[in-house]
Amino acid sequence: MTNHISPEELRNWLLDDDELSLLDVREEGVFGADGHLLFAVCLPMSRLELDVLSLVPRKSVRLVLCDGGDGLADRAAEKLSAWGYTDVSVLTGGVPGWEEAGNVVFRGVNVPSKAFGEFVEIESDTPNVSAEELKAMMDRGENMVVLDSRPWVEYRRMNIPTGIDCPGAELAYRVHDIVDDPDRTVVVNCAGRTRSIIGAQSLINAGVTNKVMALRNGTMGWALAGFDLETGSDRNFLPVSDDGLQDALACAERVTKRFGIQTIDRATLETWQTETETNSLYLLDVRNPDEYAAGHLPGSLSAPGGQLVQATDKWAGTYRSRLVLIDDTGVRATMTASWLVQMGWPNVFVLKEGLENTVLESGAPQAPMVPVSNSTIEMISPDDLNAEIEAGSVTVVDLATSLEYKAGHISGAWWAVRSRLANSLSGIPGEGPLVCTSPDGVLAAYAASDIAELTDRPVRVLDGGTAAWQAAGKAVTLGFENMADQNNDIQYKAYDHDDNIEFHMQEYLSWETGLVEQVERDGTARFKHFPV
């Protein structure tokens, strides 16, 4: 029988010092639009088997599930208990019950990180510059450089003219080679606000002597001011020089002293790896993904430092757990740790000499997943599926995110959300076999197992998913068609919308700046400010 926990008791758990995993099992779009608890980690029911072992590796941890009061959390609790999780509770009344008890509900995603960015700007008085002021500086030919603190893919989508890509954790590590003139002004930007603020304040905290400012409202502010953005730019940082590394190490030393960054050695880590039944442990490699792929510590996950601060809930699903940060020189791990400490994570550590004197793994690690419950599901190749589609004998069900489906899907495929198949399956026409697909075919296999329990129609899975279909030279169709469900599965960014983009930008920026007041009313955050 599932245990239920009252809002009052859950609030006490949020305020104590023990580990807590708080998971909201609604789809991300519903999670963001309808509201959630501040420290709830969004783990949709659709992806439970795929992500829970990475997000919540310790099966004896206190684990609380939230939903919209519709019984979804109880379904998830049954699954988790069957997979060996021993301390699972469901929030009574779900998020509506939490709000009715007088607690604050937050909308949007990655809220703790976003709110923390606003907290930093207020407490540190981070200098900023408007889009209009930056454009005037450019037009005057001032001695300045724009550093874009987002990952390469985001930067390539659109960037401030002249901007150089230098993701958040890389800034203090690489700025000394990018900016070789002490009189040059440095402007840090992202798409909105958080990474602009954190990036600029990182350089200031590290003791960089240049004038440093955050671009107020990032690329959104630039676009709203009527200025053009570049697309497909390729300006990137160069390898760190010997002199640049020495300057970066000096920055890291200053940050270590100011923020009390803790380090551990390999022997301590090995001890902790034997204690994972009692203490949750996350090994997070904060370097760029290409460096991680070239060689990383076995068991570690790729969590680029700037993104880890931006979306901590993407990697660590247990609050107050042990976070061990890894890189090659300690600079990026130290800078990242400094922000996690300020966010209120009490057990953050940098692994000394993290990649030295050990055998490294290359490539992407195999994420742990709960096995598919029905291992007898038949696979079908792209060529055979194509032949059956042409014969009109099958119906394809696509379980990708709605944006992935929009960007390219098998013509005629029906789009659906795995967690809501019981409601949407009847709306998918035909009487013949159903073939499930997803970008790599993994989610499709889980969905096919669900469908087999819901219908008498034969169910198969496209081997390798839609990626294999495209690799075989098969065409895809763009846009939305055959929508068996509402496309509220994920949180759309402002740029993801087809129209009213300026409205969505303004809405997002207003939401972000309003978070600090909400966090203060909520009272469960432990953000810290370290005066200079």
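This tour moves through a sheet, two cavities and a helix, with a selection to make at each stop.

The model is predicted, so local features are restricted to pLDDT of at least 70 and side-chain atom pairs to pLDDT 80 or more, while totals for chains, interfaces and linings use all residues. Residues are numbered from 1 along each chain as its sequence is written, and side-chain values use heavy atoms, without hydrogens or water.

**The sheet**

Begin with residues 262-264 and 301-302, which are β11 and β13, the edge strands that each pair on one side only. They belong to an open sheet of five strands, ordered β11-β15-β14-β12-β13 with parallel pairing. Here strands are DSSP runs of E with at least two residues, helices are runs of H or I with at least four, and both are numbered from the N terminus; two strands pair if DSSP finds at least two bridges between them. Next add residues 281-285, strand β12, which pairs with β13 in the parallel sense over two bridges. Within this pairing, Asp-285 has Ser-302 of β13 as its bridge partner.

**The cavities**

A cavity is a set of points, on a 1 Å grid over the protein atoms alone, where a 1.4 Å probe fits but cannot get out, and its lining residues have an atom within 4 Å of a point. Points are joined across faces, edges and corners, and a volume is the space filled by probe spheres set on them. Five cavities of 30 Å³ or more are counted in this way.

The largest cavity holds about 200 Å³. Select Phe-39, Pro-112, Asp-313, Tyr-319 and Trp-345, which are the closest to its centre of the 19 lining residues. That lining divides into 13 nonpolar, five polar and one charged residue, where Ala, Val, Leu, Ile, Met, Phe, Trp, Tyr, Cys and Pro count as nonpolar, Asp, Glu, Lys and Arg as charged, and the others, Gly among them, as polar.

The second largest cavity holds about 140 Å³. Of its 17 lining residues, Gly-168, Ala-169, Ile-198, Gly-306 and Trp-339 are the closest to the centre. Show α9 (171-178), α10 (194-205), α15 (305-310) and α16 (331-343), the elements that give two or more residues to this lining; α10 supplies the largest share, five residues. The lining comprises seven nonpolar, nine polar and one charged residue.

**Helix α20**

Finally, select residues 442-454. Among the buried residues of α20 (under 20% relative accessible area, 1.4 Å probe, protein chains only) are Leu-443, Tyr-446, Asp-450 and Ile-451. The buried residues of α20 pack against α3 (48-55), α19 (421-424), β19 (434-437) and β20 (459-462), with contact meaning heavy atoms within 4.5 Å.

Key. 1 Å grid on protein atoms, 1.4 Å probe; cavity = no way out; pocket = protein on both sides within 12 Å on 5 of 7 lines; lining within 4 Å. Buried < 20%, exposed > 50% of the residue type's maximum accessible area, 1.4 Å probe, protein only.
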